[in-house]
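Please look through the sequence and the structure below before reading on. The paragraphs that follow take up the aromatic rings and then the confidence of the prediction.

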Amino acid sequence: MSTDLSCRAQRSPTRWARLLAPKPFVATTDPLTGADLVVQTFCDSFERGVAPTSQAAREITALRPRARKSGSDLDTLRRREHLVLDWFIRTYVPEWLQAAGLQEAAHRLTALNEITDLETATAATEAVENAETTARAALLKASADVPVGRLTFARDKARASHYASAGIAATVAGGGVLGWPLTGDAASGARWAVAERAALNACTTVIVRAVASTANVSETAQAAVHDTTAVLQRSAWRLLDRLCAPPDEHPDTTSQVHRGGA
């Protein structure tokens, strides 16, 4: 008995110190605007990727007042991160895969269950990795006889298109607000990176095929990505509209966000 009491006495200071220690503060709201950090980051990055006079820019500006009222707690911020991740994997990446003619890989992503937590995010890993492998193979095949200069141009244009179609906004908002997204570990960060590579490789494939044998490289490349970029901008705005909704008003509008609903 005395030994047991002695052990308890030795453990007690450590135990109480741990229980009474101040918990680390995690900011979830922008102190200047009052907006939820996921919403604020998505708005800012999306707006930087579009032309100032575009319809997308006007729609983002119109949402700013609602964004300023979206401040939230950590649980709500995490739910919003999952919304962004879900959109990126089940809408953004498949759109570029389809544009590159990679329908099977795109279908595997769109057929996934909605990503709402760590379990559903982890379940998407195999399909995301398949998409990246498929897109990389398609790009290698398309690039076989294309001059280096045009390949470099295609990669730069793909990055610009990634920005304009809200891909960068999703990556930054979903994966950069609190360090690693969702779980706080490197595995989640790796999942984002693989999905982003799949989208970029598919987009680059579209551009490489278009400019491989044309004299007017710039206009041809812009035309090749125009339709997909426009579709994704509209979808991203619907996502942003959903992100701005208070937590208790989030409707189940996944199909509208993903497939172009009202």
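**Aromatic rings and model confidence**

Phe-42 is buried, since its relative accessible area is 0%, in what should be understood throughout as a predicted model. Phe-46, with a relative accessibility of 1%, likewise counts as buried, and both Phe-42 and Phe-46 belong to helix α2 (residues 37-49), where four residues, or about one turn of the helix, lie between their positions.

A second pair of rings is found in helix α4 (residues 74-99), where Phe-88 and Tyr-92 are also four residues apart and are therefore separated by about one helical turn. Their rings are stacked, with 5.1 Å from centre to centre and 10° between the planes. Phe-88 is buried at 0% relative accessibility, and Tyr-92 is buried with a relative accessible area of 0%.

Counted over the model, the aromatic pairs number four. Among them, Phe-42 and Phe-46 have ring centres 5.9 Å apart and planes at 75°, and because planes over 60 degrees apart count as edge-to-face, the pair is classed in that way. Through such ring pairs, Phe-42, Phe-46, Trp-87, Phe-88 and Tyr-92 are linked into a cluster.

How far the prediction can be trusted depends on the region. The mean pLDDT of the protein is 81, with 77% of its residues at 70 or more; confidence is highest in helix α5 (residues 103-110), at a mean of 97, and lowest in helix α1 (residues 2-20), at 47. Over residues 18-26 the pLDDT is below 50, and this stretch has three contacts in the model beyond near neighbours in sequence. Where pLDDT is low, predicted coordinates should not be read in detail.

Note on methods. Residues are numbered from 1 along each chain as its sequence is written. This is a predicted model: local features need pLDDT of at least 70, side-chain atom pairs count only at pLDDT 80 or more; totals for chains, interfaces and linings use all residues. Side-chain values use heavy atoms; hydrogens and water are left out. pLDDT is the predictor's confidence in each residue, from 0 to 100. Helices (H or I, at least four residues) and strands (E, at least two) are DSSP runs, numbered from the N terminus. Contact means heavy atoms within 4.5 Å. Rings of Phe, Tyr and Trp (its six-membered ring) pair if their centres lie within 6.5 Å; planes under 30 degrees apart count as stacked, over 60 as edge-to-face and the rest as tilted. Buried means under 20% relative accessible area, exposed over 50%, partly exposed in between (1.4 Å probe, protein chains only).
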